Each structure stands twice: as C-alpha cells, then as structure tokens.
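Student: Got a minute to go through this model with me? I'd like to start with the charges.

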Amino acid sequence: MKRRHLLSLSAAALMPATAATPPPRFLHVGTYAPLGQGLYSFAIAADGGLKPLGLTANARSPSWLAAQGHHVYAAEEGADHVAVYIQDAHGRLELVQRQPSGGRGPVQLSLSNGHAWVAHYGDARFAALPLQADGHLGETESWPSCAGPDCRPGPQQAAKAPPGSQASSGHEAPHAHMIQASPDGRWLLGTDLGRDRLLVWPLKSGAPKAAAFELALSPGSGPRHFAFHPTDARWVYVLQEESSTLSTVELTAAGPRLIDEISVLPAGFAGTSYASDLLVAPGGRHLYALNRLHDSLAVIALAQPRRPRLLDHHWVHGSYPRSACRAGRHLFVCNQRSDQLSHFDLGRPEQPRFTGRQTAVPSPAGACSL
C-alpha cells in the first residue's frame with residue numbers, strides 16, 4: 001500500500017464522527033375565532049424554542065388538530081368540516097381539501113386504522129372518514145351516540161365534584177367529545193359527556209355496525225378525553241371534565257369495567273375547576289392531566305396500571321389550559337384565555353420543568369407537531 005494512501009486513512013480515522021442532522025420539526029396551533037385567525041405555525045428548535053413561520057388563515061375555529069405523514073387535519077368546530085392541509089419542507093401549510101365532518105360542532109379527531117375519526121359535541125354524532133393514499137379524505141360515515149330513551153342526559157352537578165364546585169358542562173343533552181381506536185386494533189372508544197358514558201365498539205372497517213358497550217361513569221362527571229396505557233391496551237384512563245377526576249377502565253371481551261376513580265386536583269381543593277386534556281408522558285410511566293381554572297398540569301404515576309397515583313401539580317403559567325402537544329422532550333400548553341403557549345421541558349417526565357418561555361398565540365385551542 002502506498003504511503004500517501006496510508007496517510008489519508010490515518011487522517012480519516014482521526015476525524016470526529018458527525019451525527020446526521022435531524023430533520024426539522026414543526027408545531028401547528030389551531031385557534032378559536034374571532035380572536036384566532038386560523039392555524040399558526042412554528043419551527044421547533046433543538047432547545048424547544050419556537051420560530052414563527054406565519055398564519056394559515058381559517059376563520060372557522062380549527063380547534064383540534066391531528067397530523068400524519070406530511071398532512072395536518074383540522075376539525076373546524078365553527079363550520080362542521082374537516083380541513084386537510086399539506087406541509088412543505090419549510091413547515092408551511094397549504095389547504096388541499098375540506099370535507100363535511102358528519103355532524104355538528106366537531107371538537108376532536110384522531111387518526112388510526114385507515115380513518116379519521118371525529119367526535120361532534122353539537123349533535124352527539126361520531127364519524128369515520130377514510131384516509132386515502134394521497135392524504136385526502138373519503139366519504140363520511142356517521143352514527144349517533146344514542147337513540148330514544150337512552151339519550152337522557154346525566155345530572156347537572158357532578159356527584160364527585162370538589163366542595164363548592166359550580167362546574168356545569170353540557171348536561172342538557174348528549175354531547176360526544178372524543179373518539180379513538182385502541183392501540184391493539186381491537187376496540188373503538190368514544191365519550192358522551194352529556195350522558196356520562198364511555199362507549200366501546202368492536203373495531204371493524206368504517207362505522208361500527210354492532211351496538212356499543214356502554215359504561216356509566218360517576219353521575220354528572222362529564223367524561224371528556226381519554227388515554228390508553230402505553231404498553232397494555234386493556235387499560236384506558238378517562239378524564240372527566242366536571243368532576244375533575246380520572247377513571248381507570250379495563251377493556252374486556254365482555255365489555256369495559258370501571259376499576260378506580262381519583263381526583264386530578266390537589267387534596268383539599270374547594271371550588272370550581274374543569275379538567276381538559278390528558279397525555280401520556282415520555283417513557284410511558286406517567287400521565288399529564290390539565291386543569292382549567294386551577295390552571296395546572298397534574299402528574300399521575302402509572303407504576304400500578306389499575307391504580308394510578310396523583311403525584312404533583314405544576315402551574316401552567318397561563319390561564320385556562322385547554323390542551324397540550326408533546327414534541328419529543330418538549331411540551332407546549334395551549335392557554336386559551338391568556339393567549340399564549342407555555343413551554344415545558346420533559347427531560348425528567350415525572351417533573352415537568354417550565355422553561356420560562358411563552359409564545360403569543362390568540363385563543364389557542366389545540367396543537368400538533370410534525
């Protein structure tokens with residue numbers, strides 16, 4: 001081997017290895033009109049800082065977002081449609097489709113098993129919209145939460161609310177609030193806040209054909225959002241808006257079973273608060289629950305899946321946290337009434353740390369990252 005070639009090999013061996021540059025990540029925030037003017041987009045820096053990329057106008061209150069591939073799907077709560085956007089390499093959005101959502105007042109959507117699933121608060125309908133190969137949505141199928149005498153709402157006051165609570169959440173009629181498939185592909189779950197029910201269907205293609213299993217949760221509690229245990233899909237945790245409680249439910253072949261119910265507010269709390277969103281923490285050992293009016297992020301341990309344990313609360317540094325979005329080790333909380341996002345670092349999942357950063361967004365309602 002020639003001496004020149006040996007020298008080049010030695011020099012290459014001494015050069016430090018360079019890690020591949022990670023692809024850029026982006027955050028999109030949906031808002032409530034008229035204060036919010038549409039979707040606000042940001043580039044996420046490695047340290048969690050947000051660089052504004054601009055506004056994609058939408059005056060129809062795109063209040064809930066979900067993302068898959070290069071597409072963002074927005075439930076237009078003010079217009080009864082789902083809007084589909086495509087994201088370019090620079091994080092900017094372009095509207096490519098608007099499809100009727102299948103009901104009135106779509107407040108939440110999820111993406112799985114080849115469908116966009118939509119929950120409608122206004123008329124308590126659920127919907128299934130097929131996801132096509134190009135990211136567009138196919139024809140909508142929808143079905144009601146209930147029929148006839150089964151549609152009687154629950155009581156106005158939650159039986160397990162804190163002392164002195166004046167929380168009152170839509171118990172004049174049925175109101176669908178969330179729908180999502182279980183991670184193991186066996187079940188489709190939905191909540192009816194007005195009837196205090198968790199509904200569970202066997203998961204097939206398209207809209208359910210079989211009648212749902214119905215699980216009655218505590219009277220007046222107002223079930224809102226839920227999350228599955230990250231490693232054992234038979235456990236689902238349901239956050240109840242009006243009682244500010246978390247119910248543990250086991251999914252069995254014979255139907256769902258209620259195992260436990262705990263408060264997500266501090267011991268001794270008195271007065272009014274509304275629980276809102278529920279997320280799984282990095283590592284899957286904790287849940288995060290948001291409390292509006294108490295304005296806190298509650299940390300819940302899952303060391304015993306059938307008996308979650310409330311650990312701590314952290315002020316969100318804003319008012320009325322409606323939802324939050326995780327992007328790696330970063331958490332962005334949508335503080336609806338104080339018109340900003342609060343940034344948390346999740347390097348220690350059991351101890352979320354407010355970074356001191358806040359980002360102005362008018363009336364933020366929901367967010368997603370790509």
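Student: So how many positive and negative side chains does the protein chain have?

Tutor: There are 32 positive and 28 negative ones, and the centres of the two sets lie 9 Å apart. Lys and Arg count as positive and Asp and Glu as negative, with His and the chain ends not counted. Each charge is placed at NZ of Lys, CZ of Arg, CG of Asp or CD of Glu. Residues are numbered from 1 along each chain as its sequence is written. This is a predicted model, where local features need pLDDT of at least 70, side-chain atom pairs count only at pLDDT 80 or more, totals for chains, interfaces and linings use all residues, and side-chain values use heavy atoms, leaving out hydrogens and water.

Student: OK, what pLDDT does the chain average?

Tutor: The average is 94, and 94% of the residues score at least 70; pLDDT is the predictor's confidence in each residue, from 0 to 100. Over residues 1-15, though, pLDDT is below 50, and that stretch has 2 contacts beyond near neighbours in sequence (contact means heavy atoms within 4.5 Å). Where pLDDT is low, the predicted coordinates should not be read in detail.

Student: Switching topic: is His 330 buried or exposed?

Tutor: His 330 is buried, at 9% relative accessible area. Buried means under 20%, exposed over 50%, partly exposed in between, using a 1.4 Å probe and protein chains only.

Student: And which residues does His 330 touch?

Tutor: Leaving aside residues up to four places away in sequence, its contacts include Asp 47, Cys 325 and Phe 344.

Student: How much of the whole chain is buried?

Tutor: Of the 370 residues, 56% count as buried.
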